[in-house]
Amino acid sequence: MSESTTNKHTDLYKKHRPTRFKDLVGQPQVVAQMEEWLANKRVPNAVLLTGASGCGKTTAARILANKLGCTSRSDCQEINVAESRGIDMIRDVMERMTLSPMSGSGGRRVWIMDEVARMTSDAQSAALKMLEDGPRHAFFFLCTTDPQKLLRTIITRCTELKFRALTESELAEVLDDVVTKEAAKVGAAVVQKIAEMADGSARKALVLLHQVMGLPAEEQLDAVQRSDSKRQAIELARALMDPRTQWSKVVELLKSLDEPPESLRHMILGYYQSVMLSGGVKANRAAELIAKFQFNTFDSGKPGLALMCYESLRGGK
């Protein structure tokens, strides 16, 4: 997928990102907790926002930062930890956090750190002092889908907010609202199919919606079904179950998948877990494949996923 195509697909999600707590769908307990903090003027300086991808963690962090009065880039800084994982990033934050906030910020500064679990072990160790002994005006909102990869000492220094994946009915509500605002012609069957395919992620649902929104009505449902990455990932997982599968077939399946490799790996692992726990004749093979796919692809990306598939058929030799 080209960069221009990707940007086009993500625009809809950015355009309709909630800016108020009342517009944050599917997280009533999280919203209630944040509003209580604000009402009592007791927002924790270190908050860990955990949960499934695309369910509102970063959006909620932005809204909370805004409520604290941090609306400028200088006083609300976002860091994509996936792009800057090392100790130098933490040192830079530690230097900046001692600076006085800009006027109009409410006397506070906020750092929103996305994909924080991808910090190196050295960076995580350096972050401990930042979280524990930072100035009173500094707030750190850490977002991750993988809290288990963080040092236990980091987790205990934060107040955790757990986000849940959205239900299909909640996703359909989000989609219907966007369709109305965009004055788009999208059928109810298409909206329902997208809600089923989105795996609880509002972001993924809106990406899928944007892919089909400009198509003729009679083509939309077919286009959504062709974009069913979960179905394609399961097809790939099933092919790898048989070590006699031709590598050329696996190559075709890999080329047809646009989903991020880490998401695909999780889908594949989910399938193999179900097979293994079923206790059938294929349980041993499923366990072998889980071992092949046990390591993340954050650094290796699509080449790493392709290598896992290749070694699955060749026994790692």
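Let's start with overall size: for 317 residues, a compact globule would have a radius of gyration near 20 Å, and the protein chain comes out at 22 Å, which agrees. Keep in mind that this is a predicted model. Taken along the principal axes, the C-alpha atoms fill a box of roughly 65 × 50 × 35 Å. Inside that box, the chain is built from 15 helices and 5 strands.

How is the chain folded back on itself? Of its contacts with a separation of 6 or more, 76% are between residues 24 or more positions apart. Buried residues account for 46% of the 317. On the outside, the accessible surface is about 16700 Å², and carbon and sulfur atoms make up 49% of it.

Now for the inside. In soluble globular proteins, nonpolar side chains tend to be buried together. Here, the largest nonpolar core has 50 residues, and the ones with the most contacts inside it are M34, L49, V110, F141, L175, I194 and L209. There is also a second, separate core of 26 residues, with M97, W111, A126 and I154 among its members.

L175 is a handy place to zoom in. If you set aside its neighbours within four places in sequence, L175 is in contact with V191, I194, A195, A205, L206 and L209. L175 is also one of the buried residues of helix α7, alongside E170, L171, A172, V174, V178 and V179. The helix itself covers residues 168-181; at 1.5 Å a residue its 14 residues should span 20 Å, and its end C-alpha atoms are indeed 20 Å apart. After α7 comes A183, with a positive phi near 50 degrees.

From there, hop over to G200, in the loop between α8 (188-197) and α9 (202-212). Is this glycine buried or exposed? Its relative accessible area is 6%, and since anything under 20% counts as buried, G200 is buried. Leaving out residues up to four places away in sequence, G200 touches C55, A165, L166 and L171. The last of these, L171, belongs to the buried set of α7. G200 and T167 are 33 residues apart along the chain, yet their C-alpha atoms are separated by 5.9 Å.

Next up is α3. This helix has 8 of its 11 residues buried, so it is largely enclosed by the rest of the structure. The buried ones are K57, T58, T59, A60, A61, I63, L64 and A65. Just past the helix, G69 has a positive phi of about 95 degrees. Further along, in the loop between α3 (57-67) and β2 (76-80), you'll find D75. With a relative accessibility of 1%, D75 counts as buried. Its side chain has a partner, too: a polar contact of 3.4 Å joins it to the side chain of R109.

Finally, take a look at two loop residues with an unexpected sign. K41 has a phi near 55 degrees, which is positive although the residue is not glycine. K41 sits in the loop between α2 (28-40) and β1 (46-50), and at 78% relative accessibility it counts as exposed. E115 also has a positive phi near 55 degrees without being a glycine. Its loop runs between β3 (109-114) and α5 (121-133), and with a relative accessible area of 37%, E115 is partly exposed.

Terms used
Residues are numbered from 1 along each chain as its sequence is written. This is a predicted model: local features need pLDDT of at least 70, side-chain atom pairs count only at pLDDT 80 or more; totals for chains, interfaces and linings use all residues. Side-chain values use heavy atoms; hydrogens and water are left out. Helices (H or I, at least four residues) and strands (E, at least two) are DSSP runs, numbered from the N terminus. Buried means under 20% relative accessible area, exposed over 50%, partly exposed in between (1.4 Å probe, protein chains only). A polar contact is a pair of N or O atoms within 3.5 Å; within protein, one must be able to donate a hydrogen and the other to accept it, and residues adjacent in sequence count only if both atoms are side-chain atoms. The expected span of a helix is 1.5 Å times one less than its number of residues. The radius of gyration is taken over C-alpha atoms; the globule rule is 2.2 Å times the number of residues to the power 0.38. Contact means heavy atoms within 4.5 Å. Accessible areas come from the Shrake-Rupley method with a 1.4 Å probe; for residues, only the protein chains shown count as cover. A nonpolar core is a set of buried Ala, Val, Leu, Ile, Met, Phe, Trp, Tyr and Cys residues joined through side-chain atoms within 4.5 Å.
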